[in-house]
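Reader: I have a structure to look at and would like to go through it one part at a time. Where should we begin?

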Amino acid sequence: MIQRWLFAIGVAVIAVFASSCRHARLQPGEGYVNVPGGRVWYRIVGGGTRTPLLVLHGGPGAPSYYLNPLAKLGDERPVVFYDQLGAGRADKPADVTLWRVERFVEELAELRRALRLEQVHILGHSWGTMLATDYMLTKPAGVRSLILASPALSVSRWLKDAETLKRTLPESVQDAIARHESAGTFNSPEYQSAMMEYYKRYLCRRDPWPDDVNRTFAELGQSVYGTMWGPSEFTATGSLRSYERAEQLKILNLPVLFTAGRYDEATPATTEYYRSLVPGARLRIFENSAHLTMQDEPDAYVEAIRQFLHQVESR
């Protein structure tokens, strides 16, 4: 009996040591990983023995610059950012057949393998919540928790909410949007100006926009965004327009935190609906934020994520 007890302790010690060593291999730095279709760029910030946090940016095609406030979590764990294929510092192949959800799921799996992220927390924002959810439907091992930030898990609900939000804009702005969408003149200065009126209310409320946000838009992967989504946040013409995963959320069997801003295009009501579908899931609404909660309220957002991760790890 004593020998069995000592053996059990030994196994537990080895497991803890192996886990610490596994995390210790993640040194701060950046590089590229080969994935189906090209190379993605990654950056590891911070260190420590706590389980790494892997961050999935939105868009699709919006590089990870705007997520930089989450680097503050690197004081106790590795935080892994990456630019998905077609965005930011990743390769930008011309083959539009690569812009499929299934390929991005394969890309995420390959990144985890390459960086040896055996145990990980995953935070997906906006389109990143679609990617994270479809990845979890493949039943990957080693994911300790999921953070679905400003989720877009039912495009029909997203577009319905967008119609409601557009009606809060001045009538002249609404008229400009309707006129140019009817004509298909999405690149006109008037349409772009009307689009920004919407974005300043429901995407990012800081004025002026932070450099991280401006840089994200400057390096947006237009091919990916246009092919998968469309001309603007409130108009979906791409392949994601039929994306619906609300009914699949009930199979998520891990700790899940939903977050959204009070003025988010991923509205609090819809985010609460998603939360209600996931057993035991939590919800945090940020009262002074739009869609880019980590930019509108960076300190409060980072602290909320930190607390959630601590609670998961204390179990």
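**A hairpin and two pockets**

Author: In this predicted model, β1 and β2 make a hairpin with 2 residues between them. In its turn, glycine 37 has a positive phi of about 105°.

Reader: In which sense do strand β1 and strand β2 pair, and over how many bridges?

Author: Strand β1 covers residues 29-35, and strand β2 covers residues 38-45. Glycine 31 sits opposite tyrosine 42 of β2. The sense of the pairing is antiparallel, and the count of bridges is 7.

Reader: Which element gives the largest share of the lining of the largest pocket?

Author: The largest pocket holds about 460 Å³ of space. Its lining has 26 residues, and Tyr199, Phe217, Leu220, Tyr225 and Glu233 are the closest to its centre. Two or more lining residues come from each of α6 (189-202), α7 (211-218) and α8 (222-228). The largest share, 4 residues, belongs to α6.

Reader: How many residues in the lining of the largest pocket are charged?

Author: The nonpolar residues in this lining number 13, and the polar ones 12. That leaves the charged group, with a count of 1.

Reader: How many residues in the lining of the second largest pocket are nonpolar?

Author: The second largest pocket has a volume of about 180 Å³. Among its lining residues are Met136, Lys139, Pro140 and Gly142, along with Ile251 and Asn253. The lining has 2 polar residues and 1 charged residue. The number of nonpolar residues is 7.

Definitions and conventions:
Residues numbered from 1 in each chain as written. Predicted model: local features only at pLDDT ≥ 70, side-chain atom pairs only at ≥ 80, totals over all residues. Heavy atoms only, no water. 1 Å grid on protein atoms, 1.4 Å probe; cavity = no way out; pocket = protein on both sides within 12 Å on 5 of 7 lines; lining within 4 Å. Points joined across faces, edges and corners; volume = space filled by probe spheres on them. Nonpolar A, V, L, I, M, F, W, Y, C, P; charged D, E, K, R; others polar. Pairing = 2+ DSSP bridges.
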